[in-house]
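Dear colleague,

I am passing on the structure we spoke about, together with some notes on what turned up in it. Please have the model open while you read, as the notes go from place to place in the chain.

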Amino acid sequence: MALPLSIYNRTPRRMPHSLGFKRYAMKFGGDGYVEVPHSTILTPNDFTIEVMVRWTGGSYGLLRKGTVGSAYYTNYAIYYSDTICRVYFGINGTSYWARDFGTPKPNRWTWLAITFKDATEVRTYQDGVQTGVWDIDFSYYKDNSHITVGAFDWGGLGYFMVGDVAFLRFYNRVLSYAELLHNLLNYHNPLRNGLVLWLHDKIVGDTWQDESGLGNNGTIYGAVKKNLAMWEIRAEVGL
């Protein structure tokens, strides 16, 4: 059962189980991005997305699946910058659903999570706290578009962000609050049940390797690997 927020507010201020001193993140300089090819396992009816991001400049193109230049044809997207923290879903290619769900924290690491339960519910989280819950009656738009990280392919690449992205995970099921909290405190060793995309530490050449074991590797265009000290995340996210 999920912990009440009044209890949780005391819970994360403990030593996380992931104590590695250094890992890696992807650094975006305002003209780079990562592209993950389409797979049907990346368009399940229900899903969870988790990501850690530090935005330092540029636009809001954190993550989007969709290539046509209309919000109607977005599968799912997360906009993030110093002025926006928003989730988008296209609906039938004729409309879209969008909600602001968190507090922009420029120049600091933050953890964002989205859960989507088909035609039932959307929940959002930031830094271990639930920030929104909405009843829905729609299924999100699905097509064979790729995922872009660090920019949006909006019928052409644009909306490039400047900053760092780490620990990007996609599940083909809805994670509970307790499961999300586990992943936040065990960021190097997340739950494996339903994990179909995990862009983590294996950055080799122009490939950000998928550590879920399902081969959803990302191709790197212009972005670069950077060292990531774990104390940065623990201090700035509040672990």
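A residue is called buried here when its relative accessible area is under 20%. Asn186 has a relative accessible area of 8%, and therefore falls on the buried side of that cut-off. Please keep in mind throughout that this is a predicted model. Asn186 belongs to the loop between helix H2 (177–185) and strand E15, and its side chain reaches back to the backbone oxygen of His182, at 2.7 Å.

The strand E15 that follows this loop leads to the sheet. Strand E14 (residues 161–171) pairs with strand E15 (residues 195–204) in antiparallel fashion through 4 bridges, and within that pairing Tyr171 stands opposite Leu195. Strand E3 (residues 47–58) also runs antiparallel to E14, and 9 bridges join these two; one of the matched positions is Trp55, whose bridge partner in E14 is Gly163. E14 itself is mostly covered, with 10 of its 11 residues buried. When you look along these strands, it may help to recall that in a regular strand the side chains alternate between the two faces of the sheet.

How many residues make up the largest nonpolar core, and which of them touch the most other members? The core has 42 residues, and those that touch the most other members are Leu62, Tyr76, Phe89, Trp97, Leu112 and Val165. Strand E3 gives the most to this core, with 5 residues. If residues up to four places away in sequence are left aside, the contacts of Leu112 include Ile49, Val51 and Val53, as well as Leu62, Ile78, Phe101 and Tyr125, among others, and the polar residues Glu50 and Gln126 also appear in the list. There is a second, separate core of 23 residues, which includes Met52, Tyr187, Leu195 and Trp198; Leu195 is thus a member of this second core and also the residue opposite Tyr171.

Aromatic rings deserve a section of their own, since the structure holds 29 aromatic pairs. In one of them, Tyr60 and Phe152 are tilted with respect to each other, at 6.0 Å centre to centre and with 55° between the planes. This pair links distant parts of the chain, 92 residues apart, with Tyr60 in the loop between E3 and strand E4 (61–65) and Phe152 in strand E12 (residues 152–153). Phe152 is buried, at a relative accessible area of 0%, whereas Tyr60 counts as partly exposed at 24%. Trp154 and Tyr159 form an edge-to-face pair, with 6.3 Å between the centres and 70° between the planes; both are partly exposed, Trp154 at 24% and Tyr159 at 36%.

Ring pairs also link Phe47, Tyr76, Phe89, Trp97, Phe116, Trp134, Phe138, Tyr140 and Phe170 into a cluster. Tyr140 has a further partner, in that the charged end of Lys142 sits over its ring, 4.3 Å from the centre. A second lysine, Lys225, lies over the face of Tyr24, at 4.5 Å from the ring centre.

Lastly, helix H3 (residues 230–238) is largely enclosed by the rest of the structure, because 7 of its 9 residues are buried. The buried residues of H3 are Met230, Glu232, Ile233, Arg234, Glu236, Val237 and Gly238.

With best wishes

Notes:
Residues are numbered from 1 along each chain as its sequence is written. This is a predicted model: local features need pLDDT of at least 70, side-chain atom pairs count only at pLDDT 80 or more; totals for chains, interfaces and linings use all residues. Side-chain values use heavy atoms; hydrogens and water are left out. Buried means under 20% relative accessible area, exposed over 50%, partly exposed in between (1.4 Å probe, protein chains only). Two strands pair if DSSP finds at least two bridges between them. A polar contact is a pair of N or O atoms within 3.5 Å; within protein, one must be able to donate a hydrogen and the other to accept it, and residues adjacent in sequence count only if both atoms are side-chain atoms. Rings of Phe, Tyr and Trp (its six-membered ring) pair if their centres lie within 6.5 Å; planes under 30 degrees apart count as stacked, over 60 as edge-to-face and the rest as tilted. A charge sits over a ring if NZ of Lys or CZ of Arg is within 6 Å of the ring centre and within 35 degrees of the ring normal. A nonpolar core is a set of buried Ala, Val, Leu, Ile, Met, Phe, Trp, Tyr and Cys residues joined through side-chain atoms within 4.5 Å. Contact means heavy atoms within 4.5 Å.
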